[in-house]
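Subject: Structure for your review

Dear colleague,

Please find below the structure that I am handing over to you. I should be grateful if you would read the notes after it with the model open.

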Amino acid sequence: MFFTLDVRRARKGDCLILHFGTKENPGLGLIDGGPSKVYKPFLKPRLAEIREARGLDADASLPVDFLMVSHIDDDHINGVLELTKELLETKGPLALTIDGVWHNTFDDIIGADKDQTVAVTASFGTASTSGEFDDEGLDPGAAKVLASVGQGFRLRDDTRGLGLRLNPKFNGQLVIASENSEKLDMGKGLSFTVIGPMNPEVEALRKDHAAFLQKQQEEKKKEGALAAFSDTSVANLSSLVILAEVGDQSILFTGDARGDKVLEGLELVGRLVKDGKSTIHVNILKGPHHGSDRNVDPIFFRRITADHYIFSGDGEHGNPERATLQMLLDERGDADYKVHLTYPIDVIDAGRKEDWEKEQNKEKSRQAKKPETPVRADWSHEVNSLGAFLDANPNFAKKVVILDETQPHLINLLDKM
């Protein structure tokens, strides 16, 4: 029996392949596809290797048991859109056959009763859902949200165009965690328990979106219009959080969810006691939001322990953050575990330094207008870099495993692939 997580490089995003089942009856799941420049160099070649290893004929499709897109952020969905576009444009046998898609569409999340493209473009123009903006005053965060919404529309349309089943275990409706949720049989020995999103967050998102549209109709202004309809509501609160299990082995997929919401979801479904102290151990934990320290706190690593921690990121947006690794070290110490990073330390630190200096320049610009605005100190290798952190903590450094781009990075929980 196999239960193996296949981790791919994904620049600033996530791109994962799940192997399960047996040699005679193998199972395959795709979880997120990273941003642009991930599908062709990293995911597509790996799928070709899997196809070859299975000895499939040239005109035979590689069976995929499920495709999961945790949420609509570009660094999770873009590579999947490249895959679906390729499938739609294929003449003849498809390279893949996908049994079902797990994704909460934007329309369903906000309870839409009509095509939301109409509502969005009415306020922001047709360029809004492609990420192209000519209008002054549109907040960059708003632009990011709108671009992600557009990608969500494309995934919805591609799913329909390919005739794929959406959320088959939920009759095509939203995937939402509920109290004491039972395990869902995914076949071939695999089960899923939905940990998030939870209904209160979805309802709050619907309320925020209704208020946003009403404001647009009343004011017809673009500047600051998406202040409440931000990254934390559209993308992260809609992240699928799934506990995957085969026998007594488990993997917790967290998307970009907030750590406190992951804990709350585990309590909701009965995997944690609601006492603020109980713990759960999983074999693999996919770190929330690429190791951002804004999505976790010490109690997250105290209450959820793992044998393997995965932080996917190349330093863009500062991820994985040094503070996150410090929290993990403080809570787990010298326990037996491994930390998997998808890029070399020097590459990550170069990206983190670039992001640090970019944010510093933004703060300086704001300070020029508002002198009371604080500006961060200059980047310090000793204080800010992952390299210096690992040098100062050699025992922790021994736990760190760097993904080798020349060969598959497989974490085998059962039989070795």
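The notes below describe a sheet, the helices on it, and several salt bridges.

This is a predicted model, in which local features need pLDDT of at least 70 and side-chain atom pairs count only at pLDDT 80 or more, while totals for chains, interfaces and linings use all residues. Residues are numbered from 1 along each chain as its sequence is written, and side-chain values use heavy atoms, with hydrogens and water left out.

The sheet

Helices (H or I, at least four residues) and strands (E, at least two) are DSSP runs, numbered from the N terminus. Strands of a sheet pair through backbone hydrogen bonds, either parallel or antiparallel; here, two strands count as paired if DSSP finds at least two bridges between them. An open sheet of 6 strands follows the order E7-E5-E3-E2-E1-E16, and its pairing is mixed. Its edge strands, E7 (101–102) and E16 (409–412), each pair on one side only. Within the sheet, E2 (residues 15–21) and E3 (residues 26–33) run antiparallel and are joined by 7 bridges. Leu-18 stands opposite Gly-29 in E3.

The helices

Helix H1 (residues 39–53) lies across E1 (2–7), E2, E3 and E16, at about 15° to E2. Helix H2 (residues 74–89) also packs on the sheet, where it touches E3 and E5 (66–68). The direction of H2 makes about 120° with that of E3. Contact means heavy atoms within 4.5 Å; axes are lines fitted to C-alpha atoms, for helices over the stretch in contact, and angles run from 0 to 180 degrees between N-to-C directions.

The salt bridges

A salt bridge is a side-chain nitrogen of Lys or Arg within 4 Å of a carboxyl oxygen of Asp or Glu. The whole structure holds 21 salt bridges. One of them joins Lys-286 and Asp-14, at 2.7 Å from N to O. This pair links distant parts of the chain, 272 residues apart: Lys-286 is in strand E12 (residues 280–286), and Asp-14 is in the loop between E1 and E2.

Are these two residues buried or exposed? Buried means under 20% relative accessible area, exposed over 50%, and partly exposed in between (1.4 Å probe, protein chains only). Lys-286 is buried at 3%, and Asp-14 is buried at 2%.

Lys-44 and Glu-86 form another salt bridge, with their closest N and O atoms 2.9 Å apart. Lys-44 is in H1 and Glu-86 in H2, 42 residues apart. Lys-44 is partly exposed at 36%, as is Glu-86 at 25%.

Yours sincerely
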